[in-house]
Amino acid sequence: MQHRSWQALLAVQLIVACFGLSSPTPAQAASEPRPSSASVRTPDFDDSVAWYQEKLGFRLIGSQSLVPGRRAVLERSGFLLELNEADHVLQPEPDATAAIQVTRAPVISLLVPDVDGEVARLGKAGVDILQPPEDDLDGTYRTAQIRDNGRHRIELREPLDDPARFHPMGR
């Protein structure tokens, strides 16, 4: 029963994200669509579930074992993250030089109340900081980028303008 409830929640979130079925505020209606979920493949399933829980404060909603691998759904502030077990190591980027290649663009963007504080906390916890905190060119957000326990780039964003103008799920 528990896995059916998180599956239903994920399905509703995806429908809302794809078709915009929520009732947006006027500021939200005038802006671009905002994601409320993401899906990431990882060869280190157990380590990834633990990393997102311990480092970023996600809570596990449910998990299940499927023929191609395991799947877990985690949640943080209404944002759903689906982790899927990959049956093989992800292919490296062709121009990468390090032992672990990181995705070129962020796969997840999370709003945080204090990017500088979050980056300091994560740095002390041993998380790789790929881009230190800096203001966007238009001054709308303060951003930083980190790497999860695998190859996925995560963007942390702090609204610098009126926070009521921004959707709690991301961009």
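# Briefing on a predicted single-chain model

Of the 171 residues in the chain, 43% are buried. The model is a predicted one. The chain holds four helices and eight strands, and along the sequence these follow the pattern α-α-β-α-β-β-β-β-α-β-β-β. Among contacts with a separation of 6 or more, 58% join residues 24 or more positions apart. The chain exposes about 9600 Å², and carbon and sulfur atoms supply 54% of that area.

**Helix α3**

- Helix α3 covers residues 45-56, and its 12 residues should span 16 Å at 1.5 Å a residue; the C-alpha atoms at its ends are 16 Å apart, so the expected and actual values agree.
- The buried residues in α3 are F45, S48, V49, W51, Y52, K55 and L56.
- These buried residues line one face of the helix, because they fall within an arc of 165° when seen down the axis of α3.
- D47 and E54, on the other side of α3, are exposed.
- Just after α3 comes G57, which has a positive phi of about 75°.

**S48, a residue of α3**

- S48 sits in helix α3 and has a relative accessible area of 2%, so S48 is buried, the cut-off being under 20%.
- Leaving aside neighbours within four places in sequence, S48 is in contact with T42, L83 and N149.
- One of these partners, N149, is 101 residues from S48 along the chain, yet the C-alpha atoms of S48 and N149 are separated by 6.3 Å.

**Aromatic residues**

- The chain has three aromatic pairs.
- In one of them, Y52 and F58 have ring centres 5.8 Å apart and ring planes at 80°, which means that the pair is edge-to-face.
- Both Y52 and F58 are buried.
- F58 also pairs with F79: the ring centres are 6.4 Å apart and the planes are at 65°, so this pair is edge-to-face.
- F58 lies in the loop between α3 and β2 (59-66), while F79 lies in strand β4, so the pair ties together parts that are 21 residues apart in sequence.
- F79 is buried, as is F58.
- One aromatic cluster is formed by W51, Y52, F58 and F79.
- Elsewhere, R157 lies over the face of Y141, at 3.6 Å from the ring centre.

**Strand β4 and the loop before it**

- Strand β4 spans residues 79-85 and includes N84.
- N84 has 14% relative accessibility and therefore counts as buried, the cut-off being under 20%.
- Not counting neighbours within four places in sequence, N84 contacts S39, V40, R41, T42, F45, R70 and R71.
- S77 is found in the loop between β3 (69-76) and β4.
- S77 is not a glycine, but has a positive phi of about 50°.
- With 59% relative accessibility, S77 counts as exposed, because exposed residues are those over 50%.

**Helix α4**

- Helix α4 covers residues 115-124, and its buried residues are V115, E118, V119 and L122.
- Seen down the axis of α4, these residues fall within an arc of 95°, so they line one face of the helix.
- The elements against which the buried residues of α4 pack are α3, β3, β6 (128-135), β7 (141-147) and β8 (153-159).

**V119, a residue of α4**

- V119 has its place in helix α4 and counts as buried because its relative accessibility is 10%, where the cut-off is under 20%.
- Apart from residues up to four places away in sequence, V119 touches I129, P133, A144 and L156.
- Between V119 and I129, which are 10 residues apart along the chain, the C-alpha atoms are separated by 7.3 Å.

Terms used. Residues are numbered from 1 along each chain as its sequence is written. This is a predicted model: local features need pLDDT of at least 70, side-chain atom pairs count only at pLDDT 80 or more; totals for chains, interfaces and linings use all residues. Side-chain values use heavy atoms; hydrogens and water are left out. Helices (H or I, at least four residues) and strands (E, at least two) are DSSP runs, numbered from the N terminus. Buried means under 20% relative accessible area, exposed over 50%, partly exposed in between (1.4 Å probe, protein chains only). Contact means heavy atoms within 4.5 Å. Accessible areas come from the Shrake-Rupley method with a 1.4 Å probe; for residues, only the protein chains shown count as cover. The expected span of a helix is 1.5 Å times one less than its number of residues. The arc is that of the directions from the helix axis to the C-beta atoms. Rings of Phe, Tyr and Trp (its six-membered ring) pair if their centres lie within 6.5 Å; planes under 30 degrees apart count as stacked, over 60 as edge-to-face and the rest as tilted. A charge sits over a ring if NZ of Lys or CZ of Arg is within 6 Å of the ring centre and within 35 degrees of the ring normal.
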